[in-house]
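Please open the model in your viewer and keep the selection tool at hand. The tour below proceeds from one selection to the next.

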Amino acid sequence: MNRVPDLHGEHLWLRELHAHDHDTVARILTHRVLTRYLGIDQMNAGQAHDTFAQYLAQAHTHPRRKYTLAVCAPDDDTIVGTMGLLVEDYGRNAMLTSLVLLPGTPVRGHGHEAGRLLMAYGFGHLGLHRIWAGHRSDHHHMASVMYAAGLRPEATLRQLFHTQGCWHDVTTYATVAPEWKRQAGTTELAILDGAPRLDRV
């Protein structure tokens, strides 16, 4: 299996999904508000169940291209959100995806930390060179999250995806390994110190 080790930050940590996370992930995927800014439409229960099964199967693929992880509060194994990384089929590039935090959880306001932990893993263990992310251009709160994660604006992709019955523009941000590593914190440097695995490229 290609499992990600637990990635601990100051305000939250990331871990692989477990079977008992099903109901929380299904709640996210079937929730009208929580899926509002994702690149997918709200799912029904059956679609959410099938998608969760695909998430669990990710660690069994080789080479692994998709990483959907659980976001948890410190000292608590309970899932309170999700964070993902999609490794692209060419070069050494990946996209951060699927950042969702449940309302009222103690990690709200620290979503950028989930991105930083996953970028440290990507630039370290996965040996990636470039990581990018995007948000719907009308989701104005996400700009500060992107900056806090160490990403910088890059482009606007016009009418990139179609959800809720209309097309949406997406604002993209990116960073490259040498640039991002210069501003990494102590926790992120510890993750980066793991030897890169370049056999997938």
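Are arginine 64 and glutamate 16 buried or exposed? Arginine 64 is buried, and glutamate 16 is buried as well, where buried means under 20% relative accessible area, exposed over 50%, and partly exposed in between (1.4 Å probe, protein chains only). The model is predicted: local features need pLDDT of at least 70 and side-chain atom pairs count only at pLDDT 80 or more, while totals for chains, interfaces and linings use all residues. Residues are numbered from 1 along each chain as its sequence is written, and side-chain values use heavy atoms, with hydrogens and water left out.

**First stop: salt bridges**

Keep arginine 64 and glutamate 16 selected: their side chains form a salt bridge, with an N to O distance of 2.7 Å. The term denotes a side-chain nitrogen of Lys or Arg within 4 Å of a carboxyl oxygen of Asp or Glu. Arginine 64 lies in the loop between helix 2 (45-57) and strand 3, and glutamate 16 in strand 2, so the pair ties together parts 48 residues apart in sequence. Helices (H or I, at least four residues) and strands (E, at least two) are DSSP runs, numbered from the N terminus.

Next, select arginine 65 and aspartate 89, a salt bridge whose closest N and O atoms are 3.6 Å apart. Arginine 65 is in the loop between helix 2 and strand 3, and aspartate 89 in the loop between strand 4 and strand 5 (93-101), so this pair joins parts that are 24 residues apart in sequence. Arginine 65 is partly exposed at 22% relative accessibility, whereas aspartate 89 is exposed at 68%.

Then select aspartate 77 and arginine 15, whose closest N and O atoms are 2.9 Å apart in a further salt bridge. This pair links distant parts of the chain, 62 residues apart: aspartate 77 sits in the loop between strand 3 (66-72) and strand 4 (79-87), and arginine 15 in strand 2 (residues 13-16). Aspartate 77 is partly exposed at 36% relative accessibility, while arginine 15 is buried at 2%. Add Asp21 to the selection to display the network of salt bridges that links Arg15, Asp21 and Asp77. Across the whole structure, a search finds 7 salt bridges.

**Second stop: two helices**

Select helix 1 (residues 22-29) together with helix 2: their axes come within 9 Å and cross at roughly 125 degrees. Axes are lines fitted to C-alpha atoms, for helices over the stretch in contact, and angles run from 0 to 180 degrees between N-to-C directions. At the interface, His22, Val25, Ala26 and Leu29 of helix 1 meet Ala48, His49, Thr51, Phe52 and Tyr55 of helix 2, contact meaning heavy atoms within 4.5 Å.

Now restrict the view to helix 1, where Thr24, Val25, Ala26, Ile28 and Leu29 are buried. The elements covering these buried residues include helix 2, strand 4 and strand 5.

**Third stop: two buried residues**

Select threonine 68, located in strand 3 and buried, with a relative accessible area of 7%. Leaving aside neighbours within four places in sequence, threonine 68 is in contact with Leu17, Tyr55, Gln58, Met83 and Gly84.

Finally, select leucine 102 in the loop between strand 5 and helix 3 (111-123). Leucine 102 is buried at 6% relative accessibility. Not counting residues up to four places away in sequence, leucine 102 touches Thr24, Arg27, Ile28, Leu34, Ile79, Val80 and Arg108. The C-alpha atoms of leucine 102 and arginine 27 are separated by 9.4 Å, the two residues being 75 residues apart along the chain.
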